[in-house]
Amino acid sequence: MKIFLPLMKQYRFKIVSNMGGANPQCAIYKIKQIAGELGIKGLKIAMVTGDDITSQIHEYDNYSLIESRTTIGLTQNIISANVYLGADSISQALDDGADIVITGRVADPSLFVGPIIHEFHWKADDYPKIGQAILTGHLMECCAQLTGGYYADPGYKEVPDLDRLGHPIAEINEMGEVFFTKPENSGGLVNVDICKEQLLYEIGNPAAYITPDGIADFTNVFFKQVSDHTVSAQGALSHGITDTYKVNLAYEDGYIGIGEVSFGGQNSLERAKLAADIIKKRWEIIRIKPLRHQFDYIGFNSLYKSNISTKIHSGTIPEIRLRVSVHTKNELDAHKLIRELQCMYINGPAGSSGIASHIETVLSIDSFLIPRKYVKPNYICEVL
């Protein structure tokens with residue numbers, strides 16, 4: 001904001017951001033403080049409200065959680081519950097003259113859908129245009145992933161000048177035609193293949209990508225390379241909104257202990273497997289059983305288990321890092337279980353090095369659906 005507030009005053013552009021996170025009130029307080037230090041006045045700032053339902057969470061005790069398949073009432077130590085709001089309050093705040101709109105939890109595409117609806121006054125049942133707005137937000141939401149970030153693969157997919165990676169720019173008109181590009185002379189690139197990858201990113205069913213602003217259908221989206229770093233996109237649709245919002249529920253969920261140790265040279269994988277076997281037997285001796293545990297062999301199968309590693313490795317593995325993770329109800333058990341890995345320096349296989357470990361509280365996330373009628377999105381405006 002120290003950079004952008006003076007530029008806003010000069011060029012009169014607007015900012016919409018979910019930088020409020022879990023505490024939009026303090027975000028706005030900080031923005032006002034910075035504006036005061038810079039002597040900037042006259043900007044209208046809005047805070048979107050209604051996403052935080054933590055204080056009412058036990059009104060929904062009988063609601064089912066999607067991931068854990070239990071109920072909210074059986075969940076202990078709840079920390080927060082936030083609704084994924086949509087674009088409505090953002091566009092309304094902009095209609096009210098807001099220069100800056102700060103939100104808490106909103107769906108990422110909605111940060112773009114809100115300004116688009118404000119600018120063109122599109123209606124919720126204008127399905128092709130709303131679909132294009134959601135498409136725009138979806139492609140833009142992860143920023144430089146649209147200009148080559150998360151895309152580069154040396155020798156296969158080259159991206160120039162990633163050290164100067166440019167941020168993407170979306171240009172959309174009142175007909176819903178959208179073009180994606182980036183600043184001149186910046187690093188990265190914008191091409192059809194990148195747009196295709198980003199289209200499929202995190203959406204589940206491409207025929208029914210559910211957002212608060214509409215159920216997007218991307219199955220007929222067509223990308224066209226217009227110039228070196230400009231791609232057009234068309235063909236997205238919306239099938240209308242659902243009668244529910246998604247809610248993120250965060251709760252304390254015990255402790256996780258993580259320990260790691262490295263083995264190098266010939267037979268490193270077998271020595272790491274021996275260390276793991278010793279640790280498992282030690283757990284039986286000390287009679288502490290974790291709620292969950294996992295042994296990973298980093299450099300061999302820590303990402304995909306045996307699905308890839310057993311098929312592509314050459315048979316000689318120069319180094320392995322054994323990672324042990326445990327999930328426990330209490331902190332002391334986590335310490336005792338991970339301590340057994342720490343003992344591998346002198347009690348385990350030859351050639352161990354680089355032992356490290358830590359214990360931390362587990363913050364778990366689950367979600368559930370809540371009827372829209374129970375959620376009251378709104379905004380509060382004030383002038384800096």
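This passage describes a helix, a sheet, a set of aromatic pairs and two single residues in a predicted model.

Helix H7 spans residues 268-286 and has 19 residues. From its first C-alpha to its last, H7 reaches 27 Å. That is close to the 27 Å expected at 1.5 Å a residue. Eight names make up the buried set of H7: Ser 268, Leu 269, Arg 271, Ala 272, Ala 275, Ala 276, Ile 279 and Trp 283. These residues cover an arc of only 165° around the axis, so they lie on the same side of H7. The other side of H7 carries Glu 284 and Ile 285, which are exposed.

The buried residues of H7 have several packing partners. Three are strands: E12 (244-264), E13 (292-298) and E14 (319-328). Two are helices: H9 (331-342) and H10 (344-347). After H7 comes Arg 287. The phi of Arg 287 is positive, near 60°.

Two residues beyond H7 were also examined. Asn 301 sits in the loop between E13 and H8. Its relative accessible area is 13%. Asn 301 is therefore buried, since the cut-off for burial is under 20%. Leaving aside neighbours within four places in sequence, Asn 301 is in contact with Asp 296 and Ser 309. Thr 310 belongs to helix H8, residues 306-312. Its relative accessibility is 52%. Thr 310 therefore counts as exposed, because the cut-off here is over 50%. Thr 310 and Phe 300 are 10 residues apart along the chain. Their C-alpha atoms are separated by 8.6 Å.

The next element is a sheet. Strands of a sheet pair through backbone hydrogen bonds, either parallel or antiparallel. An open sheet of 4 strands in this model follows the order E5-E6-E10-E9. Its pairing is antiparallel. Strand E5 (169-172) and strand E9 (222-227) stand at the edges. Each has a single partner strand, so one side of each is left without a neighbour in the sheet. Neighbouring strands of this sheet are turned by 25° against each other on average, direction ignored.

Within the sheet, strand E6 covers residues 178-181 and strand E10 covers residues 230-234. The two run antiparallel and are joined by 3 bridges. Val 178 stands opposite Ala 233 in E10. A helix accompanies these strands. Helix H6, residues 192-199, lies across E9 and E10. H6 runs at about 150° to E9.

Aromatic rings were considered last. The count comes to 9 aromatic pairs. One of them joins Tyr 63 and Phe 368. The rings of Tyr 63 and Phe 368 lie 6.1 Å apart, centre to centre, with 75° between the planes. The pair is edge-to-face, because planes over 60 degrees apart count as such. This pair links distant parts of the chain, 305 residues apart. Tyr 63 is in the loop between strand E2 (44-49) and strand E3 (78-83). Phe 368 is in strand E15, residues 352-371. Phe 368 is buried, with a relative accessible area of 0%.

Another aromatic pair is formed by Tyr 209 and Phe 218. Their ring centres are 5.9 Å apart, and the angle between the planes is 50°. This pair is tilted. Both Tyr 209 and Phe 218 are buried. Tyr 63 and Phe 368 also belong to one aromatic cluster, together with Tyr 60 and Tyr 374.

Note on methods:
Residues are numbered from 1 along each chain as its sequence is written. This is a predicted model: local features need pLDDT of at least 70, side-chain atom pairs count only at pLDDT 80 or more; totals for chains, interfaces and linings use all residues. Side-chain values use heavy atoms; hydrogens and water are left out. The expected span of a helix is 1.5 Å times one less than its number of residues. Buried means under 20% relative accessible area, exposed over 50%, partly exposed in between (1.4 Å probe, protein chains only). The arc is that of the directions from the helix axis to the C-beta atoms. Contact means heavy atoms within 4.5 Å. Two strands pair if DSSP finds at least two bridges between them. Axes are lines fitted to C-alpha atoms, for helices over the stretch in contact, and angles run from 0 to 180 degrees between N-to-C directions. Rings of Phe, Tyr and Trp (its six-membered ring) pair if their centres lie within 6.5 Å; planes under 30 degrees apart count as stacked, over 60 as edge-to-face and the rest as tilted.
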